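Good morning, and thank you for joining. Please bring up the sequence and the model on your screens, and we shall go through the ligand site, a pocket and two sheets.

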Amino acid sequence: MTEGIALAVQGLGKRYGRKAALRDCSFELPAGRVSALVGVNGAGKTTLLSVLAGLLPPTEGSVRLPGADSRIAFVAQDKPLYRHFSVRDMLTLGSKLNRVWDQRRALDWLARFDVPLDRVCGKLSSGQQAQVAFAVAIGSRPSALLLDEPLANLDPLARREVVKELLAAVVDTDMTVLLSTHVVAELGGVADHLLLLADGRLVLSGDVDELLAEHRNYAGPRSEQPPVPGEVVHASHVGSQSTFLVRAAEPVTEPWTTRPATLEDLVLATLENTRTVAA
Ligand code: ATP
């Protein structure tokens, strides 16, 4: 995998009239890796992806693509296709519209998911339409692929296959992937990097393994404080028991027990926290 930065964002903001959909977002996307963009409905994920893809101008801040030959492909949530075009026509269109085009890669993707080339897009299932949109994006050989909710509309088997094929494409071609999702449980083993948005702000970002190594869950007798020092990301008290998710990696003694944090623990606790603070 390439060590480096695929995309550098500094002080990015986007307003729709009076509504600030993105505020002061700064981050770097590691090249040749999969990053996950997570946040509740309305957090600003689509807005951020659209600005990164160059489809929306930011109100403030900048997006920098450090590579000399950086090409971004964006697959929007509604997977726009021409309904009266056949799948083959969509590939022809892809080949005409893109400076770089790899017909073999696009065809291989469609064959992998049994999408009929001669059927018009309007008569494909929504999952098949998503596969056509992925094939066109993959065929353009992007250095960075931005996917807005790519797993929505896919059955569980197709989800697993899409994730597997995307990871293979990342390894084979050093492509950088940024995908937005609500399905946090499916991110384990997929994303190496996390961007967590809440109300347009980036509230957590970084390497997933490092973030997980920095956090632990502690459970024990009811208490206002966790058994170790550190930033409390989340606390819950039920009956005579308390549990804490703490930014700390210290061992504990009985009666407290500890278990490693999962990505789902961390994302859900941080989202709940930001919601509580906002309220
Ligand atoms: P979801 O998970 O529901 O797709 P999201 O995280 O992608 O949400 P965005 O679609 O980026 O969120 O929207 C961020 C905020 O900006 C929301 O409050 C939304 O109502 C607002 N917004 C989005 N597009 C527009 C627009 N064209 N005009 C005005 N407000 C908008």
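How far does a backbone N or O atom of A43 lie from an oxygen atom of the ligand? In this predicted model, the separation is 3.1 Å. The neighbouring contacts may be taken together with that one. For G44, a polar backbone atom is 2.9 Å from an oxygen atom of the ligand. With T46, it is a polar side-chain atom that lies 2.8 Å from a ligand oxygen atom. The ligand has 13 residues around it, and those that come nearest are G42, G44, K45, T46 and T47. G44 and T46 thus appear both in that list and among the contacts just described, G44 through its backbone and T46 through its side chain.

Let me turn to the largest pocket. It holds about 640 Å³ of space. The lining comprises 24 residues, and F74, L97, N98, V136 and A137 are the closest to the pocket centre. Which elements give two or more residues to this lining? They are strand β5, residues 72–75, and the helices α2, at 87–97, and α4, at 126–139. As to chemical class, 18 of the lining residues are nonpolar, three are polar and three are charged.

Now to the sheets, beginning with the one that includes β1. This is an open sheet of three strands, ordered β2-β1-β4, with antiparallel pairing. Why is one side of β2 and of β4 left without a neighbour in the sheet? Strands β2 (19–30) and β4 (60–64) stand at the edges and each has a single partner strand, so one side of each remains unpaired there. Neighbouring strands are turned against each other by 15 degrees on average, direction ignored. Strand β1, residues 5–16, pairs with β4 in the antiparallel sense over four bridges. The bridge partner of Q10 in β4 is S62.

The other sheet has four strands. It is also open, its order is β11-β12-β10-β13, and the pairing is antiparallel. Here β11 (231–238) and β13 (257–260) are the edge strands; each has a single partner, so one side of each lacks a neighbour in the sheet. From one strand to the next, the twist averages 20 degrees. Strand β10, residues 215–221, is joined to β13 by four bridges in the antiparallel sense. Within β13, T258 stands opposite Y218.

That concludes the overview, and I welcome discussion.

Terms used:
Residues are numbered from 1 along each chain as its sequence is written. This is a predicted model: local features need pLDDT of at least 70, side-chain atom pairs count only at pLDDT 80 or more; totals for chains, interfaces and linings use all residues. Side-chain values use heavy atoms; hydrogens and water are left out. Two strands pair if DSSP finds at least two bridges between them. Axes are lines fitted to C-alpha atoms, for helices over the stretch in contact, and angles run from 0 to 180 degrees between N-to-C directions. On a 1 Å grid over the protein atoms alone, a cavity is a set of points where a 1.4 Å probe fits but cannot get out, and a pocket is an open set with protein on both sides within 12 Å along at least five of seven lines; lining residues have an atom within 4 Å of a point. Grid points are joined across faces, edges and corners, and a volume is the space filled by probe spheres set on the points. Ala, Val, Leu, Ile, Met, Phe, Trp, Tyr, Cys and Pro count as nonpolar, Asp, Glu, Lys and Arg as charged, and the others, Gly among them, as polar. A residue is near a molecule or strand if one of its heavy atoms lies within 4 Å of it. A polar contact is a pair of N or O atoms within 3.5 Å; within protein, one must be able to donate a hydrogen and the other to accept it, and residues adjacent in sequence count only if both atoms are side-chain atoms.
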